[in-house]
Amino acid sequence: MSDRREFCRFGARLMLGAFGALSVPNLLFGNTKNSLDIWSAPALIGLPLAIAMTNGKARDMLNLNYKEWRNPDQLRAGFAGGSFMLCASPCNIAANLYNQGVDVKMLNILTNGLNYIFSKHQNINELKDLQGKKLIMSFKNDLPDIIFKALCKAFGVDIEQINITYVQTPPEAVMLFLRREFDAILTQEPIASAMQLKAQNNGIKIHRSIDIQTLWASKFQDCPQIPQAGLIVRGEFYKRNLEFFNTFDNDLQNALKWINSSPNQAAKFGTKYLLAPQDAIKNAIAYSNFTLQKCSDITKNLNNFFEIIYRINPKLIGGKIPSQGLYL
C-alpha cells in the first residue's frame with residue numbers, strides 16, 4: 001500500500017480527512033503557474049511538512065514542491081528577495097525580517113525545540129560542566145547559539161570559559177565532533193540521532209548529556225517553551241489564499257497524528273526527504289517536541305521569548321520586539 005493511501009486511511013479513521021469538494025483558489029504563485037515551492041529547514045521539521053505536502057489534500061489544489069534551504073543566510077536572502085513565499089523558519093529570522101519591513105507573517109510553530117548537547121564524557125551533565133571544555137556547533141548567532149547563550153547567562157555560566165568552535169553546517173559539526181578532540185556538540189534532530197547511531201557503529205562512546213528544552217523550561221518559567229521553528233509566509237500571499245492555508249493546516253494536523261501513531265512508517269517515508277537513515281529518524285521522533293500551534297494563540301510565549309533574545313542582543317531580532325502584526 002502506498003504512503004498516501006495509508007495516510008489517507010488513517011486520516012479518515014480520525015474523521016479528519018473529509019474536507020469536501022475544494023475549488024482551486026486565486027493563487028498568487030511564487031514560482032511557476034499552479035506550483036508552489038515550500039522550503040523546509042534542514043532538520044526534523046521537514047518530516048511533517050513532507051508528509052502533509054505529499055499525502056494531504058492541499059496537493060490537489062496545486063503542485064507542491066518540497067525544497068530545503070541549507071543555511072539561515074539562504075533563507076534570509078530567499079525571503080527578503082521575494083523568491084520564497086512559504087518556508088519553515090526559526091522564529092528569530094521571522095522577527096528580524098519583519099522588523100526590517102519585509103512582508104512576512106508567522107503562521108505557526110511546528111516544534112518546541114530540537115536541541116541537544118552530546119558529549120564524550122559521562123561527567124558532562126550541566127552547562128557548568130562545559131567550562132574548560134571544547135564545544136562545537138553550527139550557525140553562529142542563529143537560534144541554537146542564541147538559546148545556548150541565553151541559558152549560559154541564566155545559569156551563571158561563563159561562556160568565555162567554554163572553547164566554542166563554530167562551523168557552517170550541522171553535518172560538518174557532527175563529522176568534526178566524531179573525528180577530532182571535541183568534548184561536546186550542540187546539535188539538532190534528526191542529525192543528532194544519526195550521529196548517535198554512527199558513533200555506536202564505529203565504537204565511539206557518546207552521551208545525550210543535556211536536553212536543552214528541559215533546561216530552558218526549568219529556568220524561564222514565563223516562557224516555558226522554545227518556539228523554535230514553524231512556517232512563515234508572505235502576508236499578501238496568505239491573504240489571497242486562505243482556502244489553501246486552511247486545507248494545509250488540516251494536512252499538517254493529520255501528518256503529526258500519523259507520525260505519532262505510525263513512527264516506523266513515518267520514518268521510512270522520511271528517508272526520501274531527510275539526510276538520515278530510517279532508524280535515526282524513528283529515534284529522533286521521540287525527541288522532536290512536535291506541535292502545531294497558531295502563532296496568534298501563543299503570543300505571550302512568543303513575546304517573552306523575543307524579550308529574552310532582545311536582552312542578549314537586540315540586533316538578533318532586528319533591533320526591537322516585533323509587534324503583534326507579525327502573528328497570524
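Contact here means heavy atoms within 4.5 Å. By that yardstick, in this predicted model, 80% of the contacts between residues at least 6 apart in sequence join residues at least 24 apart. The protein chain runs to 328 residues, and buried ones make up 53% of them. Its secondary structure comes to 13 helices and 12 strands.

One pair shows what a long-range pairing looks like here. Phe269 and Leu47 sit 222 residues apart in sequence, yet their C-alpha atoms are 8.4 Å apart in space. Phe269 belongs to helix H11. With a relative accessibility of 2%, against a cut-off of 20%, Phe269 counts as buried. Helix H11 (263-270) turns up again as part of what covers the buried residues of H12, along with helix H2 (46-55), helix H7 (191-201) and helix H10 (242-261). In H12 itself (residues 278-285), the buried residues are Ala280, Ile281, Ala284 and Ile285. Looking down the axis of H12, these fall within an arc of 140 degrees, so they line one face of the helix.

Helix H3 (residues 72-81) can be read in a similar way. Its buried residues are Pro72, Leu75, Gly78 and Phe79. They fall within an arc of 130 degrees when H3 is viewed down its axis, and so line one face of the helix. Turned away from that buried side is a face with the exposed residues Asp73, Ala77 and Gly81. The packing partners of the buried residues of H3 are S3, helix H4 (91-99), strand S4 (104-106) and strand S11 (229-234). Both ends of the helix have something to look at. At the start of H3, a side-chain oxygen of Asn71 comes to within 3.1 Å of the backbone nitrogen of Asp73. Just past the end of H3, Gly82 has a positive phi of about 95 degrees.

Now for the largest pocket, which holds about 490 Å³ of space. Its lining takes in 28 residues, and those closest to the centre are Ala41, Pro42, Ala43, Phe139 and Pro170. By type, the lining splits into 19 nonpolar, five polar and four charged residues. Strand S3 (86-90), helix H5 (143-154) and helix H6 (170-179) each contribute at least two residues to it.

Phe139 deserves a second look for its backbone. It lies in the loop between strand S7 (134-138) and H5, and its phi is near 65 degrees, a positive value in a residue other than glycine. Phe139 counts as buried, at 11% relative accessibility. Asn141 lies in the loop between S7 and H5 too, and its phi is likewise positive, near 65 degrees. Asn141, however, is partly exposed, with a relative accessible area of 36%. Another backbone feature is the cis peptide bond from Glu189 to Pro190, with omega near 10 degrees. Pro190 is placed in the loop between strand S9 (184-188) and H7.

Finally, there is a polar side chain tucked inside. Gln213, in helix H8 (residues 212-219), is buried, with a relative accessible area of 8%. Its side chain reaches the backbone oxygen of Asn115 at 2.9 Å. Setting aside neighbours within four places in sequence, Gln213 is in contact with Asn112, Gly113, Leu114, Asn115 and Tyr116, and also with Ile226, Gln228 and Asn289.

How values were computed:
Residues are numbered from 1 along each chain as its sequence is written. This is a predicted model: local features need pLDDT of at least 70, side-chain atom pairs count only at pLDDT 80 or more; totals for chains, interfaces and linings use all residues. Side-chain values use heavy atoms; hydrogens and water are left out. Helices (H or I, at least four residues) and strands (E, at least two) are DSSP runs, numbered from the N terminus. Buried means under 20% relative accessible area, exposed over 50%, partly exposed in between (1.4 Å probe, protein chains only). A polar contact is a pair of N or O atoms within 3.5 Å; within protein, one must be able to donate a hydrogen and the other to accept it, and residues adjacent in sequence count only if both atoms are side-chain atoms. On a 1 Å grid over the protein atoms alone, a cavity is a set of points where a 1.4 Å probe fits but cannot get out, and a pocket is an open set with protein on both sides within 12 Å along at least five of seven lines; lining residues have an atom within 4 Å of a point. Grid points are joined across faces, edges and corners, and a volume is the space filled by probe spheres set on the points. Ala, Val, Leu, Ile, Met, Phe, Trp, Tyr, Cys and Pro count as nonpolar, Asp, Glu, Lys and Arg as charged, and the others, Gly among them, as polar. The arc is that of the directions from the helix axis to the C-beta atoms.
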